[in-house]
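Colleague: I would like to go through this model with you. Let us start with how two of the helices pack.

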Amino acid sequence: MKIKSYSTSMPNRDIVVWDSKFEIKIPFIDAQHKKLIELCNNLHKAIIAMPDSSGVVVDDWQDSLLNALRECVDYTQTHFRDEENLMQAAGFVDFTQHKSFHSAFVKKILETAKSFEKKIKLAHYDLFIFCMTGF
Ligand SMILES: [Fe+2]
């Protein structure tokens, strides 16, 4: 599934829409793919809600973004585990290669999530130091 174009200035709407052509005809997996699309759309909306140079600040945007990111990461891991169990049970010929792709993807999103969380914590710390030294 590919996204044709992307812009952070897109309106607050779903960036990916479920389509029957995504179905693999295994209801359990199709339901998980639908949920992943929903979580990706939630993450997109949380990103769009970030304050920009206009100075408009949306309440709790950092918490919303972190929660959306964590939900994506957690559910992706759940989905990959379930998919791998299904593939193994079915004797999927490219199982090892597919599992390797899953592992690399999870490693990348975990690194991205940790990096983002660290940046938010550092920003809070910098703000705290700035406030404490400003008196
Ligand atoms: Fe999948």
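Colleague: Which hand does the crossing of H2 and H3 have?

Modeller: This is a predicted model, in which local features need pLDDT of at least 70, side-chain atom pairs count only at pLDDT 80 or more, and totals for chains, interfaces and linings use all residues. Residues are numbered from 1 along each chain as its sequence is written. A crossing is left-handed if the near helix is turned anticlockwise from the far one by less than a right angle, and right-handed if clockwise. For H2 and H3 the crossing is left-handed.

Colleague: At what angle do the axes of H2 and H3 cross?

Modeller: Axes are lines fitted to C-alpha atoms, for helices over the stretch in contact, and angles run from 0 to 180 degrees between N-to-C directions. H2 covers residues 61-90 and H3 residues 95-133. Their axes come within 11 Å and cross at roughly 165 degrees.

Colleague: Is H2 roughly parallel or roughly antiparallel to H3?

Modeller: Under 35 degrees counts as roughly parallel, over 145 as roughly antiparallel, 65 to 115 as roughly perpendicular and the rest as oblique. The axes cross at roughly 165 degrees. Therefore H2 is roughly antiparallel to H3.

Colleague: How many helices does the protein have?

Modeller: Helices (H or I, at least four residues) and strands (E, at least two) are DSSP runs, numbered from the N terminus. The elements run α-α-α from the N terminus on. Strands number zero, and helices three.

Colleague: Which element gives the largest share of the largest nonpolar core?

Modeller: A nonpolar core is a set of buried Ala, Val, Leu, Ile, Met, Phe, Trp, Tyr and Cys residues joined through C-beta atoms within 7 Å. The largest one has seven residues: Leu39, Cys40, Leu43, Ala46, Leu65, Ala68 and Leu69. Helix H1 (27-48) and H2 each give two or more residues. The largest share, four residues, comes from H1.

Colleague: Which residues is Leu69 in contact with, leaving aside its neighbours within four places in sequence?

Modeller: Contact needs C-beta atoms, placed from the backbone, within 7 Å. Leu69 belongs to the largest nonpolar core. Its partners are Leu43, Ala113 and Phe116.

Colleague: Is Lys114 buried or exposed?

Modeller: A residue is buried if 20 or more other C-beta atoms lie within 10 Å of its own, exposed if 12 or fewer, and partly exposed in between. Lys114 lies in helix H3. With 11 C-beta neighbours inside 10 Å, Lys114 counts as exposed.

Definitions and conventions:
Contact = placed C-beta atoms within 7 Å.
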